[in-house]
Amino acid sequence: MTEQLATTTAEGPTRLPRVALVGVHGFGERHLENLDRLSAAGALELVAVADPNPPAKDTLEPGVDVYASLHELLAAGVAPDAVIISTPIQTHAPLAIAALNAGANVYLEKPPVASMVQYREVMAAAASAGRLVQVGFQSLGSEALPAIEALVGAGAIGEVRGISATGLWLRTKAYFKRSRWAGKRSLNGTDVVDGVATNALAHAVATGLRLAGARTVADVESVDTDLYRANDTESDDTSVVRVRTTNGTVLTCALTLCAPEQSAPSVTVYGTQGQLTLFYTEDRLEISTPEGARTETFGRKDLLENLLAARNHKDLLSPLGGVGAYVSVLEAIRTADSPRAIHPDFITWVGDGDDAHPVVHGIGSLIRRAALRQATFAELGAPWTAVGPAAGGPAMEIDGTPVAAVQDGTHIRPTSSPRPYLHPVRTLAGTVVTDHIPEDHVWHLGAGVALQDVDGINFWGGRTYTRDAGAYVWRKDHGRIVIEFAEHSNGQRREQLGWIGPDGTRVLREQREWRWAAVGNSTWKLALDFTLESATGHPVLLGSPGSNGRPQGGYGGFFWRLPKVSDATIWTPDARGEDAVHGSVAPWLAWSGTFDAGTSSAAHVTGDPGLGHPATLVFLASPQAPDPWFVRHSGYPGVGLSLAWDAPVSTKPGNPVHRTVTVLITDGFLATQDIEQLITTLGESA
C-alpha cells in the first residue's frame, strides 16, 4: 500500500502535496490551469516545472522553480510527491520511470507509453517503487461510467449486443506541424505511434474498452486494425479498430480526423432492448429503453485530485494497470502495416495553407456503418481500401467487363446472419445497382437468398418478428449459410450451400446456380436458380414475418437490396407504384430511375458527387410458383419474391423448394414496350 501524499509533520499540521509538472506547453498549459485552480483551493503546492522551453514570464506563481529537464529537477533535490508528465509520447516511459525511481507518484498523459515493452517496464518500476501511476484519460473520471454500468447490470437495455466508439473530427495541416513527433509512427528509430486511435481520439478507445469490461492486457482476445491516411503523414488519421474481449464483447472504434465538420465523439452500448450513448467530452448520456428516451448529464472527477487522494491503485480512476487493454490496442497498431494512403480522388481539401484540412468522401456514412455493423472499412468495401467486398470475391464478367462480385459472407457479423451474396452488381456501363450493409438495415446484403424463419432460425439477420411478441425482437437465433462447394466458370457458377443453425446443426441443403450473359449492347441478364431441401430428415418450415402475423411483411427468399434511386419508377404490367405492386403477383416487375451517386448509400462510399446514372432493373417472376412481389421504396429500396407471404412453405427430404429468378440489368430508362420486347427476345433465344 502506498502512503498518502499528504503527510503530518512533527509540528502537527498536514503539509500540502508537492507537485511538479514536466512539459508546460501544448496540453501542459491545461495542466497549469488546473494546478492554479487546485493551488488556489489549498489542495496542493506546485513546486517546480521542467521544460527545455521555459514558460512565458509571469505564467508561474513566485517560488515555483523552473528546470530544463526532469533530470535537473530531481538532481536539485526538489523531491516532489507527484510528477505530472505532459511531454512528447516517446518520452513518457523513461520520464515516468525516472520519477517513480525518485519516489514520486506519477500522472502520465495519454498515451502512457509507445509500446507494450515500455508498458511492462513502467508497471515494473511502479511496483518496485511502491508508487502509483494515473493515466490521463480524463473521460474515465466521468460519473456517467458507473451509471452506465448500473443500467446495463440492471438489464435496462436487455443483453449487450456490442459496443462502438465513433469520432468525426477534423484536423488541419497545422495540427501535424505542431511538433516533430506529430503524425509519426517513429522518430529517429524510437516508437511514437501517434494516430487517430492512439492519441487524438484515444479517449474514445479507452472509454469504449472500459464499458466493454476490458482493463488489463488479459482482457483482450484479439485486435483487428484497418488503418488509412488522407494526410501526408506516417500515422493513421482514418481507421477502424475492432477489439474482441475475452468475455466475448466486441468493441468497434471507427474514427477519423478527416470529417467535413467536427462533432462530439461518442461511445454506444447496444442492447437487445435499447441503447446507451455517451458523448464523453460532454459527460452527456442518451438513454433509450423500452420506457422511452431521455438525456442525463453527469459530473466528472478530476484525475489529479483523485491521484493525490488515493491510498492504493484500487482508488485510482485511471490506473496504469487498468489501461492494459488500451495498450494492447496501441501495440496492435504499432506492429500493423503502415497506414495505406487514401487516393486523392476520394479526398477534397477545404481551406488554404496551414488551415487546409482533408475531407474523405462519404466518411460520415462509413463511420456509422462500421459502428453498426462491427465492420472495417475494407469489409464495407470503401473504394479507397482497394481490398474487401467491393473488390474481392470471384468476378462475373461479360466480354472482360466485371458486372458482379461474389462475396462468401464470412466477414458478416453473426447477428446479420452471414451468407453468400452478390455485390457490387453493375450495369455494363459500370453503374452500381446493389447495396450492402446500409445504415438503415446493416443485414441487407446485395443480391441473394435469405429467410427470417427456418424452423425458428433467423437466416435474414437483425431482429426476428414473432407472433407472440407481435413485434420485432432481438433473439439469439441467427444462423449462417456457408459455401461447401463452388464451381465458377465463364457465364455460370454452381454452389452447394449449407444452412447452419446457431447450434451448428445443418438445417437445409441448398443447390444454387448463377448464370449471366449479355442481351444486346446495354443489357445483361442474371439468372438465379436455387433449391432448398431439408437436411434434418424431417420437414422444415420456411416462414417470414408475414407468415408469423405481420401484415404485408412476407419477405424472404430471393432479395435484391438497391442503393437509393432518385425519381424511381416501379411498375408491373398491371400496376404502378410501391403500394400497388407490393404483394401483387405479376410476371415481371421493373424498377427504373437515377442511381444517384450523391445520395445513395453506395455513393456515400464512393463519394462520387456526379449527377447519377439512369438504369432499369427488370425482375422476372419464378415460373415454379406465383410468389408475390415484396417491394420497398419509401423506407428503403429493395425487391424480393416472397416464398412465404402469409403462410409457411414446407420442404421435405427428397422434395425441395425450387425457384428461378431472372433479372435484366440495363443502362438507361426502359418503357413497358421495351421490357416486353426484351422478354420476348429472351424467350426466342431460349
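This is a short talk on the pockets, the cavities and one helix crossing in the structure above.

Okay, quick word before I start: what we have here is a predicted model.

Let's begin with the open space. The largest pocket holds about 1,500 Å³. Its lining runs to 48 residues, and those nearest the centre are Gly26, Phe27, Gly28, Ser86 and Glu109. If you want to find it by elements, look for α1 (28-40), α2 (70-75), α3 (92-101), α6 (196-200) and α8 (303-309), which each give two or more residues to that lining. Of these, α1 has the largest share, with 6 residues. As for chemistry, the lining splits into 20 polar, 17 nonpolar and 11 charged residues.

Now the second largest pocket, at about 800 Å³. Here 34 residues make up the lining, with Arg161, Gln374, Arg413, Pro414 and Thr415 nearest the centre. The elements giving two or more residues this time are β7 (160-168), β10 (220-229), β11 (238-245) and β27 (480-489). The largest share, 4 residues, comes from β27. By class we get 12 charged, 11 polar and 11 nonpolar residues.

On to the enclosed spaces. How many cavities of 30 Å³ or more are there? The count is 3. The largest cavity has a volume of about 60 Å³. Strand β23 (residues 447-454) gives the most to its lining, 4 residues. Others around the largest cavity include Arg419, Pro420, Tyr421, Trp460 and Phe559. That lining comes out at 8 nonpolar, 2 polar and 1 charged.

The second largest cavity, about 50 Å³, takes us to a pair of helices. Both α7 and α9 supply at least two residues of its lining, and α7 gives the most, with 3. Among the lining residues are Ala206, Leu209, Arg210, Ala325 and Tyr326. By class, this lining has 7 nonpolar, 2 charged and 1 polar.

So how do those helices meet? The axes of α7 (residues 202-211) and α9 (residues 324-335) come within 9 Å and cross at roughly 130°. That makes α7 and α9 oblique to each other, and their crossing is right-handed. On the α7 side the contact is made by Ala202, Val205 and Leu209, and on the α9 side by Ala325, Tyr326 and Val329. Which classes turn up there? The contact has 6 nonpolar residues, with no polar and no charged ones.

One last thing to look at on screen: Leu209, Ala325 and Tyr326 take part in the helix contact, and they also line the second largest cavity. That's it from me.

Terms used. Residues numbered from 1 in each chain as written. Predicted model: local features only at pLDDT ≥ 70, side-chain atom pairs only at ≥ 80, totals over all residues. Heavy atoms only, no water. Axes fitted to C-alpha atoms, helices over the stretch in contact; angles between N-to-C directions. Parallel < 35°, antiparallel > 145°, perpendicular 65-115°, else oblique. Left-handed = near helix turned anticlockwise from the far one by under 90°. Contact = heavy atoms within 4.5 Å. Nonpolar A, V, L, I, M, F, W, Y, C, P; charged D, E, K, R; others polar. 1 Å grid on protein atoms, 1.4 Å probe; cavity = no way out; pocket = protein on both sides within 12 Å on 5 of 7 lines; lining within 4 Å. Points joined across faces, edges and corners; volume = space filled by probe spheres on them.
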